Structure formats: C-alpha cells, structure tokens
Amino acid sequence: MTFKSKTMRPDLFQSPDYYLLDELLSDEHKMVRDAARAWVKKEVSPIIEDFAQRAEFPHQIVKGLGEIGGFGPYIPVEYGGAGLDQISYGLIMQEIERGDSGVRSTSSVQSSLVMYPIWKYGNEEQRMKYLPKLATGEFIGCFGLTEPDYGSNPGGMVTNFKDMGDHYLLNGAKMWISNAPFADIAVVWAKNEEGRIHGLIVERGMEGFSTPETHNKWSLRASATGELIFDNVKVPKENLLPNKSGLGAPLGCLDSARYGIAWGAIGAAMDCYDTALRYSKERIQFDKPIGATQLQQKKLAEMITEITKAQLLTWRLGVLRNDGKATTAQISMAKRNNVDMALTIARDARQMLGGMGITGEYSIMRHMMNLESVVTYEGTHDIHLLITGMDVTGFPAFK
Ligand code: TGC
Ligand code: FAD
C-alpha cells in the first residue's frame, strides 16, 4: 500500500487511448512512458496533495525525477541526459503532469530552460561542469527571463551586465521564477552595454545574489516560485554562454519547454477525465449513476474528444520535432490549444464531482488551479494566439 496522503484517495488512474495511439508508439516510447507512469503513481500521487496544501516543494522526488529521465530526456547521454527522442520527452512530461503541473514545471525548467541552453549555447567546459549534475538532480537550476515590468515583452528587459575586465558586474531583478528559492544555478538573461541579450550562469553563493520566495499562490503550490535579485553580482567571464545571443536565444529554449507543456497538459486533462468518469459511474442521484444522465455524458464525450484531438496534434508535433521541422508557431498552437483544453476539462470535471470536487480528496481542483499558471507562463494564451495570427498573416500585432 503506497497511499500515505492524509487527504487524497489512492491513485486509480487508467489512461484513455480512444484512437489506439499506442500503435503509433515504439516499444521504447511505451517503456519510457510506463516507467514514468509507475513512478508517478508510487512517488507523486501519494504525497502531492499534502505538499500542495502546505505550499511546499517535495524535495524527496528530485532523485527519482532524474532516474525516470525527467531531467534532460533528450540531452545526449555523454552529458548525463537520457538521449531520448522528442516523443519520449513528451510522454514523460505527460505522465509527470498527470501527477502535478508543479512537478512537471520543475522538470521542464531543469530540462528545457537550464540544460538546453547550456547544451546548445554553452561551451564544452560548461556542458561538462553542469549537465551531468543537473541530469541527476544533484544541481537544480532555474531560468530568469521575466522581469517585474517585462513579462510578455521580455525584449524590453532592464537587467544588465558590464564588462569589468576580469569579470562581469550584473544588476537587476527577475520575477516569477520557478525553482528560484532553492536553485543551485540560474540561467539569467541580461543585456550587455550595447543592449544585446546574453545568457549568464549565476551560482548560488555569489555575493549580491538573492532568491526571495513568492508566497500566497493559489496555483502551482507544490512548485517553489521566487525572485532573482542581482545587486552588483560579480559573474566570472567563463559563465557567459558564448554560442548564441539576442532574444532568439531565450525564445529558442521556450520552444522546447512549450512543446513539453503541450504534452504535459494532456496528462492533467487525462487525470481529470479519468477521475470524473469513474465518479460518474459510482455516484448515484435520483436512483441512477450520474453518468447515466445526458448532461454528464455530454461533458465526458466532449472531454474524450478534445483529449484525443490534442493527443493527435501533439504526437504529430513530436514527429515534426524529431525530423527538425517543427516551427515556433506550430509549437505555440499546441501549447495554447492543449492547455486551454485541459483547463476546460478540469473545470467541467470539477463540476461533475459536485461538492466533492472542491476537496483535496480528488486531484481535479489542484489540476484546475495549477493550469491557471500553465495557461499564463511560457507565453500567455493571448500571446500564443497572436503568434498564430502573425504566422498566418505576416503582421505582428504585439506592438
Ligand atoms: P521578435 O522580434 O519576434 O523576435 C526577436 C528575435 O528572436 C527571434 N526568434 C526566435 N529565435 C529562436 N527561436 C524562437 N522561437 C524565436 N522566436 C523569435 C526572431 O527571429 C528575432 O531575431 P532577430 O535576429 O531578428 O533579432 O520578438 P518580440 O520582441 O516581437 O516578441 C515576440 C513574442 C511576443 C512572441 C515573444 O516575446 C514571446 O514569446 N513572449 C512571451 C514571453 C514568454 O513566453 N515568457 C516565458 C518566460 S519563461 C517561463 O514562463 C517559464 S515557466 C516554466 C515552468 O515553470 O514550467
Ligand atoms: P503581462 O505580460 O503583463 O500580461 C498581462 C495580460 O496582458 C495577459 O493577459 C497578456 O496576455 C496580455 N497582453 C500582454 N501583451 C499583450 C499584447 N501585445 N496584446 C494583447 N494582450 C497582451 N518566467 C521566467 O522567466 N522563468 C520562470 O521560471 C517562470 N516561472 C513562472 C511560474 C509561475 C507560477 C508563473 C505564474 C509565471 C512564471 N514565469 C516565469 C513568468 C511568466 O512567463 C509570465 O507571467 C508570463 O510570460 C506573462 O507575463 P506577465 O505575468 O508579466 O503578464
């Protein structure tokens, strides 16, 4: 018996696969997916509700996340990553977010926003120094792009560094940073004296660097969020990522993270659907299961239809990414569609459980609250709509 939570019921999850999508997966995909699924059932489901209620990050899962390939699934094995393809990466994110979006956040940030830029934009010395430790979870990283006055418009950032000859001097502040309160390193985006954006690796313990925690969140409560404050931080010159600069560098990382979120959101939606379906067969009102009523069947039928459409969209995107053909706009469409789909399903599923839906005995309300962050971070729902709009018309409507 692995059920240890004081509040949540045992995890009885059964994955919906209405269009037999398993037939599109290789044996390796299924093995990776099943290992992640079993780990979530054993290590995340029994504890996550309590940690979310207490607004605490469950540090004990970090090692296991590394073991299932949750840190750098597609990073080459020579750097400690799992060397998997993009579909395996997506399936891992789906399974982790089936457990909790906050846990998937930790995995996304570490993999796509910290390991990815070090791998892609760093030099060999930086790769060897950081990637193996990030892959096991010995180091936890965070990604500082958003600032108090520059969220959707990160190109306006004011965090900056000056060349002092033997080091850089970093000043400014980042806000809403996942993992910040306990991260060992931060990949920070800042402007040089010419206004060009570069990535710098800032390490905990550097003088003038602090990471105050952001409290009072109603969402992603099991994920730690904080600020990054740089007050004349001396950053060694060897900590600058040398191989890419400009806003395109952080946006390139976001492509990878948004792709993972598109898969992750399906996991949250599947968990809500599966819970509501089971409840609808067990809950008797007016002498029959609520699942035998047309109104509840309408909700369930729409849920499984939308999940199936999202699964197909995302699987195809994975194939395109494996072939190196997926565009930023295609990724953006999948992130926007799937998170919106998951949020709608969570809201409907919550209603299907009546009063029980608002309690921590079931995962639905936690997913619903979490998804309010997921629909906002990595580009808001509206920003992704504008990215699609720009892609099809050629006119950027942001400015
Ligand atoms: P724009 O002029 O369009 O582009 C600036 C430069 O970047 C290039 N570029 C890309 N390069 C690589 N990959 C991409 N995906 C790229 N997209 C654009 C572009 O070609 C250009 O290059 P160059 O050489 O011409 O300078 O930029 P813009 O300032 O107009 O902004 C466009 C916009 C609004 C789409 C972009 O700023 C945006 O996506 N905003 C949303 C911000 C966002 O998503 N922030 C996320 C922060 S991180 C986070 O939320 C983590 S949560 C993690 C978790 O907990 O899971
Ligand atoms: P704003 O940009 O101020 O947007 C406010 C509203 O205006 C939104 O509805 C938006 O869609 C709309 N809007 C903005 N511009 C336009 C426009 N041109 N046209 C029409 N509407 C527009 N950031 C990081 O760098 N690293 C992290 O690890 C990270 N983790 C996060 C974790 C959590 C829990 C949260 C909530 C956020 C996190 N973020 C992180 C920040 C996140 O990426 C930003 O919150 C997001 O990009 C939106 O920025 P903002 O909150 O400043 O909203």
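These questions and answers cover a predicted model, with its two ligands, its cysteines and one surface patch.

Q: Which residues come nearest to ligand 1?
A: Ligand 1 has 26 residues around it. Five of these come nearest. They are S178, R258, T328, E378 and G379.

Q: How many Å separate an oxygen atom of ligand 1 from a polar backbone atom of G379?
A: G379 is among the residues that come nearest to ligand 1. Its part in this pair is a polar backbone atom. The partner is an oxygen atom of ligand 1, and the distance is 2.8 Å.

Q: What share of the area that ligand 1 exposes when taken alone does the protein bury?
A: Side chains also approach this ligand. An N or O atom in the side chain of S105 is 2.9 Å from an oxygen atom of ligand 1, and a polar side-chain atom of K399 lies 3.3 Å from an oxygen atom of ligand 1. Taken alone, ligand 1 exposes 1,200 Å², and the share buried by the protein is 69%.

Q: Which residues come nearest to ligand 2?
A: Around ligand 2 there are 18 residues. The nearest of them are F143, T146, S152, W176 and T380.

Q: What share of the area that ligand 2 exposes when taken alone does the protein bury?
A: Backbone atoms meet nitrogen of ligand 2 at F143, at 2.9 Å, and at W176, at 2.7 Å. T380 uses a polar side-chain atom, 2.7 Å from an oxygen atom of ligand 2. Alone, ligand 2 exposes 970 Å², of which the protein buries 68%.

Q: Why is the sulfur of C253 too far from the closest cysteine sulfur for a bond?
A: A disulfide is a covalent bond between the sulfur atoms of two cysteines. A pair counts only when the sulfur atoms lie within 2.5 Å. The closest cysteine sulfur to that of C253 is in C142, and it is too far for a bond because the distance is 13 Å.

Q: How many disulfides does a search of the whole structure find?
A: C253 has no partner in reach, with its closest cysteine sulfur 13 Å away. The search covers the whole structure, and the number of disulfides is zero.

Q: Is C272 buried or exposed?
A: Buried means under 20% relative accessible area. C272 has 0%, so it counts as buried.

Q: Is Y18 buried or exposed?
A: Y18 sits in the segment before α1 (27-54). With Y19, L24 and L312, Y18 makes a nonpolar surface patch of about 440 Å². The cut-off for exposed is over 50%. Y18 has 60% relative accessibility, so it counts as exposed.

Definitions and conventions:
Residues numbered from 1 in each chain as written. Chains lettered and ligands numbered in written order. Predicted model: local features only at pLDDT ≥ 70, side-chain atom pairs only at ≥ 80, totals over all residues. Heavy atoms only, no water. Patch = residues over 30% accessible without salt bridge, like charges linked within 9 Å, V, L, I, M, F, W, Y side chains within 5 Å. Areas by Shrake-Rupley, 256 points an atom, 1.4 Å probe, with all protein chains shown as cover. Salt bridge = Lys/Arg side-chain N within 4 Å of Asp/Glu carboxyl O. Helix = DSSP H or I, 4+ residues; strand = E, 2+ residues; numbered from the N terminus. Buried < 20%, exposed > 50% of the residue type's maximum accessible area, 1.4 Å probe, protein only. Near = heavy atom within 4 Å. Polar contact = N/O pair within 3.5 Å; in protein donor to acceptor, adjacent residues only side chain to side chain.
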